[in-house]
Each structure stands twice: as C-alpha cells, then as structure tokens.
Amino acid sequence: MSVLPIDPSRFYANSEKYRETAYPFESQSPVSTTDTLVKAPQNDPFGKPITKTTVAPTPSLTTEQKMFGEVEVPCFDLSDIHSEVEIRILMETWMKVGFIGVKSSSLEPYIDRVYDVMRKYFNQPLDLKMRDWHGNNGQTGFGPEGLEAAKGRKVSDRKQTFFISPDMSKWPAGMLEFKEAIEAYRNELKKYISKFLDCFLAYTKVKVCNVDDMLNSSNNLLRLAYYPAPRSTDDPEMKGAAAHEDVNWATFMPRPTDKGLKLLPKEDKTKDDETKEDETKEDRWKSVVVPKGYILINTGELAALLTNNEDFKAITHRVDNVGERYSMPFFASFPPEYDLGKYTVGEHLQSRLIEMGSVPLENITEETVKHLREVGLLQAPRKELVDKYPQYFKLV
Ligand SMILES: [Fe+2]
C-alpha cells in the first residue's frame with residue numbers, strides 16, 4: 001500500500017457522520033497494527049498468500065494524491081493491495097469519490113499503438129467506415145456521428161465510435177494492424193480490470209460465477225472514440241459527449257489525445273445545498289487530464305445497483321468540444337442475464353440504449369416498452385417513443 005495519507009476533507013469533511021458511513025468496520029471491530037491478521041479474502045485477488053503473521057496496515061484512507069488536470073485524484077498501485085483492509089480502502093475511496101487513478105505503466109506502449117491505428121482508421125472517408133456499421137444498436141463496429149444522445153438529451157453527441165465486443169469477428173477490412181493493436185491493448189488492460197473486479201467482489205460480496213467469464217460477457221466493450229475538430233456549421237448545443245453517467249459497472253480510461261473530459265464531483269454531503277451537484281453551474285465542472293502511466297476508473301450505474309448502495313452512485317461526466325480528439329474507454333460490465341432484483345443487467349442496458357436513441361423506433365416493440373415500464377425502467381424516454389406508446393408513459 002502506498003504511504004501518503006489522504007485527507008478525506010479534500011473530498012468530504014472528516015465528520016463523525018462521514019466516518020461512520022465510510023468506515024463501518026472500524027467502529028465495530030477495530031483493526032490494530034499489532035493484531036493478527038485481517039482475514040484474507042476467500043479468493044486472494046493477486047495470488048499472493050496472506051499469512052497470519054502479516055501485520056495489517058493502519059485502517060485509514062492512505063494513498064497517493066495526484067492532480068489530473070483540475071482534479072485531485074486518489075491513486076493506487078493495484079499490485080500493492082492484498083489484505084481485506086487495503087481492499088476496503090480502495091473500494092471505499094472509489095465509492096465515495098466516484099473515481100480513482102490506478103498506476104498502469106505496462107499499458108503505455110499499447111496505448112500509443114492503438115492511437116496510431118485509430119488515427120488511420122477514423123481519417124478514412126465516411127463511406128469506407130460505414131462498411132463497418134453493423135446496426136445492432138451500435139454495440140459492435142463503427143458508429144457514425146449523431147448515433148448517440150445522452151439520456152434525456154435532444155441533441156446528439158458529436159463523436160464517431162468503434163465498439164469492440166469481446167467476441168468481435170468483423171474487423172475493418174485490410175487493416176490487420178488495427179485488430180492486432182487493439183487485441184494487444186485489451187489483453188493487457190484486462191489484467192488491471194480483473195484485479196480491480198476481484199477487489200470489488202471481495203469488498204461487496206457480490207457473487208459472479210467466474211471473473212474471466214464475466215469479462216468476456218457481451219456487455220464488456222472497448223470503445224474507440226473520435227471527436228472531430230469543431231466546425232462552424234455545428235449545432236452550438238452539440239457536445240463531444242453531453243453530460244451523462246455510464247450505464248456499466250466501471251469505466252477504465254487511459255489518457256486521451258487531448259483535454260475535453262470534465263467531471264462533476266460528487267456533492268459534499270457535509271456542506272449546505274448550494275454546493276451540491278448541479279450540472280448547470282459551470283464552475284462545478286472540473287477538467288480532467290489523465291496523465292501517462294495511469295488509468296482513471298469511474299463508477300458506472302451498475303456499481304450502485306449491484307450493491308444497493310447509493311454511495312457507489314455513478315460519476316457524471318461530459319466531453320467538451322476541443323480540437324480533434326481520440327479516446328478509448330473500456331466499459332466493464334456484468335453479464336446481461338445478471339439479476340439486479342427488479343430487472344436484469346441486459347434490461348437495464350436495453351432501456352438506456354432506447355433512451356439514448358441508439359435503437360431505431362421501428363425496432364422497439366410495444367411488448368418491450370410495456371415490460372421495461374413495468375419493471376421501472378425507461379424513466380427518460382425520448383419524445384417520439386412517448387408519442388408512439390403514450391399509454392405506458394402517463395406518469396412521465
Ligand atoms: Fe461516459
């Protein structure tokens with residue numbers, strides 16, 4: 001575990017109320033530095049044996065602070081995290097702040113290579129890229145500009161995308177290096193995702209059958225995103241990506257090629273109302289620049305849904321129009337059939353894709369709308385969907 005202490009007041013005041021919430025184990029069962037060891041997780045994430053002679057670290061929030069642009073980000077080295085206490089600190093920081101940095105120096109050469117092939121790919125004429133448009137709600141292959149609009153937004157995003165699914169079979173023709181660069185990057189990235197997922201599962205006791213199977217399930221997507229340089233003809237309301245929360249469990253973001261990403265830090269629960277999250281207050285938004293050697297891990301909506309814990313609430317973010325920009329977030333998720341209680345992971349995603357306008361209206365059946373509404377989804381339907389099936393949206 002790293003050594004620099006976090007000052008929790010940088011994110012929240014260090015009040016008793018906060019400490020009760022953030023350190024539930026501490027008040028019930030203090031861990032002393034001389035105690036016998038914290039019980040190892042059932043499934044030691046990193047394959048390193050934890051013996052009864054190991055001394056537990058002091059159970060305080062400790063890590064390195066690093067400025068990512070305007071945001072001070074708590075950073076971790078996952079290879080240093082083994083014990084239950086260390087996992088708890090990692091997860092509670094992620095949960096409370098909504099994002100953390102993770103050291104990832106082994107990814108660097110792979111990242112550069114992917115940006116090289118992305119430039120080559122996206123700089124092709126649109127008609128060539130449209131050969132890689134496979135429909136399927138934009139979940140694999142190329143997606144043209146205007147395909148997505150954030151939940152509840154009328155204006156589409158400016159970005160072009162290329163989604164890589166776990167079982168990707170249709171790669172761009174004549175670009176072998178594209179496939180090779182992306183698969184090599186994804187394989188290396190998965191080592192970090194697996195470790196982080198192991199920590200999440202150990203902390204939350206959420207059960208999955210097998211971590212590898214989970215990361216190979218269909219909702220685990222690498223998205224290559226290309227934001228063209230702004231043009232004078234653009235709709236002024238059109239953002240690179242409008243303010244939104246990610247629908248998945250966790251988003252892993254290496255450095256993009258330019259600034260533009262902004263986060264809306266979670267509300268400070270210890271302060272009065274005027275400091276709370278409000279995306280209309282421009283000064284609340286903070287510019288984030290992920291440095292070399294780190295990835296940013298953001299909370300997505302599934303983190304809270306899986307744990308029934310609002311502290312895991314997804315972080316709100318957006319991408320402003322800057323110059324030409326490339327990025328490659330990885331959306332880690334749970335299998336579509338995973339039961340969240342009232343609905344499954346797949347139904348949650350389906351609802352969001354419909355809300356984003358990624359599913360053509362003619363492909364949305366009445367049966368689908370009826371079912372999603374009955375289980376409490378489709379909370380931000382697009383107007384055309386409400387117009388088509390008004391009987392299911394009387395209260396919206
Ligand atoms: Fe996002």
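A residue counts as buried here if 20 or more other C-beta atoms lie within 10 Å of its own. I start with that cut-off because Ile-354 has 24 other C-beta atoms within 10 Å, and is therefore buried. Keep in mind throughout that this is a predicted model.

Let me stay with Ile-354 for a moment. It sits in helix H9, which covers residues 345-355. Leaving aside residues up to four places away in sequence, Ile-354 touches Val-359, Ile-364, Leu-378 and Leu-385. There is also a pair to look at on your screen: Ile-354 and Arg-382 are separated by 28 residues in sequence, and their C-alpha atoms are 8.0 Å apart in space.

Now the whole chain. The protein chain has 396 residues, and 40% of them are buried. Its secondary structure comes to 11 helices and 14 strands. Of the contacts with a separation of 6 or more, 76% are between residues 24 or more positions apart.

Next, helix H3, residues 84-97. How many of the residues of H3 are buried? The count is 12 of 14, so to speak of H3 as mostly covered is fair. Among the buried ones are Val-85, Glu-86, Ile-89, Trp-94 and Lys-96. On length, the 14 residues of H3 should span 20 Å at 1.5 Å a residue, and the end C-alpha atoms are 20 Å apart, which agrees. Right after H3 comes Gly-98, with a positive phi near 100°.

H3 meets helix H6, which is residues 176-204. The two axes come within 9 Å and cross at roughly 100°. H3 and H6 are therefore roughly perpendicular to each other. Which residues of H3 and H6 make the contact? From H3 they are Ile-87, Arg-88, Leu-90 and Met-91, and from H6 they are Cys-199, Phe-200, Ala-202 and Tyr-203. By type, that contact has seven nonpolar residues, one charged and no polar.

H6 comes up again with helix H4, residues 108-122. H4 has 15 residues, and the distance from its first C-alpha to its last is 21 Å, close to the 21 Å expected. Its buried residues include Tyr-110, Ile-111, Val-114, Met-118 and Phe-122. What do the buried residues of H4 pack against? They pack against H6 and three strands: S5 (160-164), S6 (221-227) and S13 (325-327).

Last, a sheet. Four strands form an open sheet in the order S7-S12-S9-S10, with antiparallel pairing. S7, residues 241-244, and S10 stand at the edges with a single partner strand each, so one side of each has no neighbour in the sheet.

Going across in that order, S7 and S12 are antiparallel and pair over two bridges. One pairing to find there is His-244 with its bridge partner in S12, His-317. Then S12, residues 316-319, is joined to S9, residues 261-264, by four bridges, and these two run antiparallel. Leu-261 has Val-319 as its bridge partner in S12. On the other side, S9 pairs with S10, residues 286-287, over two bridges, again antiparallel. The bridge partner of Lys-262 in S10 is Ser-287.

As general background, strands of a sheet pair through backbone hydrogen bonds, either parallel or antiparallel. In this sheet the pairing is antiparallel.

That is the tour.

Terms used:
Residues are numbered from 1 along each chain as its sequence is written. This is a predicted model: local features need pLDDT of at least 70, side-chain atom pairs count only at pLDDT 80 or more; totals for chains, interfaces and linings use all residues. Axes are lines fitted to C-alpha atoms, for helices over the stretch in contact, and angles run from 0 to 180 degrees between N-to-C directions. Angles under 35 degrees count as roughly parallel, over 145 as roughly antiparallel, 65 to 115 as roughly perpendicular and the rest as oblique. Two residues are in contact if their C-beta atoms, placed from the backbone, lie within 7 Å. Ala, Val, Leu, Ile, Met, Phe, Trp, Tyr, Cys and Pro count as nonpolar, Asp, Glu, Lys and Arg as charged, and the others, Gly among them, as polar. Two strands pair if DSSP finds at least two bridges between them. The expected span of a helix is 1.5 Å times one less than its number of residues.
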